[in-house]
Structures are given as C-alpha cells and as structure tokens.
Number of protein chains: 4
Amino acid sequence: MIQVFTTGGTIDKHYYDANSEFEIADSLLPELLQEANISDPYQIAGLLRKDSLDITEQDRAAIVDAVAGTSAQRILITHGTDTMPETAQALAGISAKTVVLMGAMQPARMRRSDAVFNLGFAWAALKLLPPGIYIAMNGDVFEAGRVRKNLAAQRFERD
Amino acid sequence: MIQVFTTGGTIDKHYYDANSEFEIADSLLPELLQEANISDPYQIAGLLRKDSLDITEQDRAAIVDAVAGTSAQRILITHGTDTMPETAQALAGISAKTVVLMGAMQPARMRRSDAVFNLGFAWAALKLLPPGIYIAMNGDVFEAGRVRKNLAAQRFERD
Amino acid sequence: MIQVFTTGGTIDKHYYDANSEFEIADSLLPELLQEANISDPYQIAGLLRKDSLDITEQDRAAIVDAVAGTSAQRILITHGTDTMPETAQALAGISAKTVVLMGAMQPARMRRSDAVFNLGFAWAALKLLPPGIYIAMNGDVFEAGRVRKNLAAQRFERD
Amino acid sequence: MIQVFTTGGTIDKHYYDANSEFEIADSLLPELLQEANISDPYQIAGLLRKDSLDITEQDRAAIVDAVAGTSAQRILITHGTDTMPETAQALAGISAKTVVLMGAMQPARMRRSDAVFNLGFAWAALKLLPPGIYIAMNGDVFEAGRVRKNLAAQRFERD
C-alpha cells in the first residue's frame with residue numbers, strides 16, 4: 001500500500017473568477033492516478049490545503065506525525081515548491097520509510113503542466129529508492145537537507 | 001546525456017478524419033519533455049514509426065544496433081505495447097547500459113492518457129536503475145524476459 | 001428548453017487499446033456543455049452511437065421521428081460528418097423548428113480538436129437562426145440540401 | 001475578412017510560479033482559431049494586455065478608434081469580463097459594423113474552460129447578427145447597454 005498525503009501547493013491550484021485569483025482547490029491527485037492506470041494499491045488523504053509559504057511549524061509537525069503514524073512504508077507527499085526543502089528537512093528524523101515530496105511549477109489543471117510528469121517520476125522514485133526523505137522535481141531526485149529551490153530558474157538544485 | 005529513441009506505438013497515435021482511423025504521427029515526446037521542465041540534457045531520435053505488431057525482426061535488429069551504437073549510457077525507448085516484451089528480450093545482450101522501454105495504452109494526444117505519467121515514471125527508472133533492460137509501465141518496473149502484456153486487463157505483468 | 005440528440009460520429013470517438021482502434025464511446029456532450037457554463041436549460045438524449053457511414057435509412061427515419069416528436073423548438077444533433085448532409089436532407093420536411101447538425105473532424109477527447117469550438121458555434125446558430133435545417137461546421141452555416149463534405153480538404157462546402 | 005482584437009482578460013491568463021500569480025500572457029486566440037479549422041479568413045491584432053478592471057477611459061477610446069478604423073465589417077474583441085459591458089457601451093456609437101465582445105470565466109490555458117465554447121459561440125454571433133454591438137457570453141447574446149455581469153452567479157444577465 002502506498003500512502004499519498006496532499007498538502008496543497010501550486011499543483012492543486014484552480015482559477016476563481018469571482019476574485020480574479022488562483023486558490024488551492026480539491027486535489028487532482030485521485031483523477032491523475034486513475035488516468036495513470038497503475039497497478040499498486042494506494043490511498044490518498046488530505047492533510048493541508050495551503051500555499052507552502054503559509055505552512056507553519058505546527059503544520060509541519062502535523063505532516064511529520066502523519067508520516068510517522070501511517071503503517072505504509074512508502075509515502076508520497078504533494079507540496080508547494082517554495083518551502084518543500086524545509087518540510088523535507090523536518091521529516092529527516094524518519095529513517096525507516098521511503099518518503100518522496102513532489103509538486104509542480106504549473107497547476108495540474110493547466111493544459112500544459114509539469115504536474116503529471118512529476119507525479120510519474122515521483123512514483124518511480126518512491127518504488128525504487130531505499131528508505132530516506134527525498135524531493136523529486138525537474139526529473140531529478142534530491143536528498144533532504146541538500147536541496148534548494150532556485151526561484152529565478154524555476155528549478156530545484158543541489159545545495 | 002540521455003538518449004531517447006522513438007519507434008511509434010499508441011503513445012504517438014493521432015486521429016485522421018480522412019480515413020476515420022488512428023495512425024502513428026509525429027512523436028509528441030519533444031513537446032512532452034519540454035513541458036516537464038527537466039534538468040538533464042537529452043536528445044531524441046526517431047527510429048521507427050510503427051504499430052508494434054508490425055515491427056519485424058529486421059526492425060528489432062535496427063533498434064539493438066542503435067542502442068549498442070550510441071555513446072549514451074541511459075536510453076529511453078518509446079514503443080507500442082503489444083510487442084514491447086519481445087523488443088526488450090532482443091536487447092537483453094546489452095549489459096553495460098540502462099535501457100527503459102515505455103509506451104501508453106492511450107495516445108498522448110488524448111485529453112486523458114497514461115502517456116505523461118508513464119514518461120515521468122520511465123524517466124526516473126532510467127536515472128535510478130543499474131544497467132539492464134527494463135519495461136516501465138503501469139507504475140511498475142519489469143525486467144526483460146520476465147514480463148508479458150495482459151491484453152484483457154490492459155496491464156503488464158510479471159511472467 | 002433546447003433538445004440535444006447525440007447519434008455518434010467522430011466527435012465521440014475514443015481509443016481502445018484492446019483492439020488498437022477508435023470506437024464511439026459515451027458522448028462527451030454532457031461534460032462539454034457543463035464546462036461551457038451556459039444559461040439556457042437543455043436536455044440530452046442519445047439516439048444512436050454510430051459512425052455516420054453506418055447510419056441506415058431506418059436510423060434516419062428514427063432521427064426524423066425524434067425531431068418531429070419533441071416539444072422543443074430548437075434541436076441540436078451531434079452527427080458524424082461523412083453523411084451529415086444526407087441526414088440534414090432527410091429532416092428537410094420539418095419546417096417549424098430550428099435544427100442544427102454538428103460534429104467534429106477530431107474527437108472531443110483529443111487535446112486539440114475542433115469539437116468544442118464547433119459546439120459553441122452550433123449553439124449560437126441554434127439560438128439565432130429562424131426555423132430550418134442547418135449544418136454548422138468549420139465556422140460556417142449551411143442550409144440542408146445545399147452542402148457537401150469535401151473529404152480531401154476536410155471542410156464542408158456549399159453545394 | 002474578420003478582424004479579431006485582443007485586449008487581455010481572464011481568457012489569456014497564465015500561471016507564473018515566480019510570483020505565484022496568474023497574469024495575462026500571449027493570447028491563445030491564434031492557436032484556438034487554428035484548431036477550430038474555420039473557413040473564413042481572419043486577422044488578429046493585440047490592442048491591450050490588461051485585466052479589464054485596469055482598462056482606462058483612454059484604453060477604451062483606443063479600442064473604439066481601432067474598431068472604427070478597420071475596414072472590416074465584422075470585429076471580434078476578446079476582453080476581460082468585469083468591465084466588458086462598459087466597453088460595449090463605449091462602442092455603441094459605431095452603427096455600421098457587427099462587433100462582438102467575448103471572454104471567459106476560466107483561462108483558455110486550463111484543461112476545463114469555457115473559453116473555446118465561448119469563442120465558437122461568438123464566431124457564429126459575429127457571422128449571423130446584423131450590425132450592432134453585442135456581448136456573447138454564457139451561450140447567450142446581449143446588446144450593448146442592456147447587460148451586466150452578475151459576479152456572484154458568474155453569469156451575464158440582461159439589465
């Protein structure tokens with residue numbers, strides 16, 4: 001069983017005309033995973049619904065608790081990109097599970113987005129990597145504590 | 001440098017009204033990889049443009065030659081699903097490279113398709129797996145010689 | 001109340017991997033009309049699910065009966081393009097209603113398709129035109145009996 | 001010849017990760033009209049690239065000048081929805097041309113949007129209506145001076 005936790009972020013943003021702004025909406029993960037036609041059993045639970053800049057230390061503690069508390073050995077976390085490295089760092093004490101954080105630079109609801117590729121990439125990382133805390137973005141895998149987002153280049157880099 | 005070889009298959013099918021049929025068209029791989037916003041350098045070359053049921057032994061020999069001949073150590077091959085296991089088997093003599101075959105059950109040109117997820121998944125498999133010949137489909141990795149397509153279930157399975 | 005009748009055609013084709021062929025699937029019209037966020041009330045009924053080359057005289061008689069029998073004054077018919085002019089001709093005896101036939105050269109399930117534009121175009125034609133039988137395709141309106149499909153050019157033309 | 005003028009609005013919004021906001025980007029109209037496979041010749045010119053709440057009286061005067069100055073008899077204007085009625089009103093002095101304003105509640109770059117339906121609908125209105133200034137939205141046609149946007153209902157209504 002693979003456990004998916006959603007926390008919000010760009011990947012799940014939707015456009016709302018009423019206030020002319022994007023906001024985080026229902027996660028598209030269930031729909032995207034269904035289209036992917038994958039064999040492994042999985043379950044999805046929503047933990048947060050926040051822009052990652054708004055994630056507090058209390059929120060992070062809740063994410064750590066959820067990861068520590070699940071019986072699953074492989075956990076995928078969707079997360080906003082801006083503070084993804086901080087959440088990965090917060091999870092670093094969990095040693096016996098494979099945890100992969102991923103997100104997107106473009107909402108999954110856009111016609112053209114990195115979201116689905118990133119999801120597929122993260123899914124493989126989750127299955128193939130040994131226990132540890134990882135970020136899977138830009139077609140690359142980064143270990144917690146050694147990664148930063150380069151905002152200008154819209155890329156994650158080794159730190 | 002990652003080398004991508006395209007050979008046709010459902011992933012690249014397009015609908016043609018003139019004859020009311022789907023046919024293999026220009027590969028969408030360049031567009032899909034651009035949307036994915038990946039960091040690794042790659043190059044794409046078209047080897048074949050065939051439904052995999054029409055791939056001959058001569059075609060397979062050409063694929064093997066291309067994989068053996070490239071200086072790249074990591075090679076992604078897009079391929080129709082029906083005879084993907086046979087092509088993987090044909091490549092089994094190549095031992096020093098990581099080769100991943102992938103395709104899709106739905107054309108990448110459809111609004112809903114497994115193509116982009118599969119591409120992301122295969123890309124991670126390509127980066128994380130040791131040398132060998134693999135099929136990456138349905139969110140799973142199979143070794144050449146130990147895999148078959150279950151046509152009724154639309155899934156790849158261990159053989 | 002606008003009455004929508006679906007009869008199949010390319011607009012509703014889906015790809016089936018099991019036999020490597022497209023086939024007519026559930027109509028996407030309900031989903032497309034919901035996305036369009038339109039004000040008018042409408043109802044959708046499925047009459048046929050056929051490639052228009054397979055539509056028989058008996059099928060056409062059933063379409064005519066359905067159009068004659070509904071209490072709606074404005075009727076939209078989705079239809080394959082190859083024999084759309086014949087069905088329009090068969091409906092020519094109905095004089096007190098506005099009937100618009102439309103379809104698509106690319107399935108609505110493709111990422112890039114003329115289906116949604118054509119649907120919007122046909123919807124306006126349905127609201128703005130006086131009673132009569134019309135084909136709305138390629139951003140143009142044609143009267144029944146004066147239209148043919150140019151297969152080579154993938155366009156409808158005045159006949 | 002149909003003249004298309006783009007002025008910005010939600011229809012052309014794109015998501016920018018760098019500032020976590022939607023902003024108006026290059027118009028998708030050229031791409032959308034190409035997919036629509038329409039017969040009529042048309043040309044597209046960009047007048048503004050603004051959220052319609054930011055359109056000034058000077059901007060409106062420039063739109064009126066452009067519409068008055070083109071030799072085309074049929075003019076389509078893409079426009080943000082919030083002040084579309086005001087721009088229609090500003091154009092009301094132009095009597096010999098058919099002018100249709102349209103936009104979208106969801107960006108055309110979203111997977112699910114009313115943009116393409118609205119474009120098809122507006123295109124038919126442009127071809128079928130007599131000279132006048134119209135708004136085509138929500139599958140309905142409104143005359144300039146008799147229309148308002150109901151922000152809460154996300155609909156245009158007769159005023």
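## Exercises on a predicted two-chain model

In this predicted model, chain B can be laid on chain A with an RMSD of 0.0 Å by a turn of 180° and a shift of 0.0 Å along the axis.

**Exercise 1.** Determine which relation links chain B to chain A, and through what surface the copies meet.

*Solution.* Step 1: the superposition combines a turn of 180° with a shift of 0.0 Å along the axis. That is the relation of a two-fold axis. Step 2: of the interface residues of chain B, 100% are also interface residues in chain A, so the copies meet through the same surface.

**Exercise 2.** Establish the strand order of the open sheet in chain A and identify its edge strands.

*Solution.* Step 1: the order of the 6 strands in chain A is β4-β1-β5-β6-β7-β8, with mixed pairing. Step 2: β4 (42-50) and β8 (140-143) of chain A each pair on one side only and are thus the edge strands. Step 3: on average, neighbouring strands of this sheet are turned by 25° against each other, direction ignored.

**Exercise 3.** Describe how strand β1 of chain A is joined to β5 of chain A, and which strands helix α2 of chain A touches.

*Solution.* Step 1: β1 (residues 2-8) and β5 (residues 74-78) of chain A run parallel and are joined by 5 bridges. Step 2: one bridge pairs A:I2 with A:R74 in β5(A). Step 3: helix α2 (residues 57-69) of chain A packs on the sheet and touches β1, β4, β5 and β6 (98-102) of chain A. The direction of this helix makes about 170° with that of β4(A).

Technical notes:
Residues numbered from 1 in each chain as written. Chains lettered and ligands numbered in written order. Predicted model: local features only at pLDDT ≥ 70, side-chain atom pairs only at ≥ 80, totals over all residues. Heavy atoms only, no water. Pairing = 2+ DSSP bridges. Helix = DSSP H or I, 4+ residues; strand = E, 2+ residues; numbered from the N terminus. Axes fitted to C-alpha atoms, helices over the stretch in contact; angles between N-to-C directions. Contact = heavy atoms within 4.5 Å. Least-squares fit on C-alpha atoms with pLDDT ≥ 70 in both.
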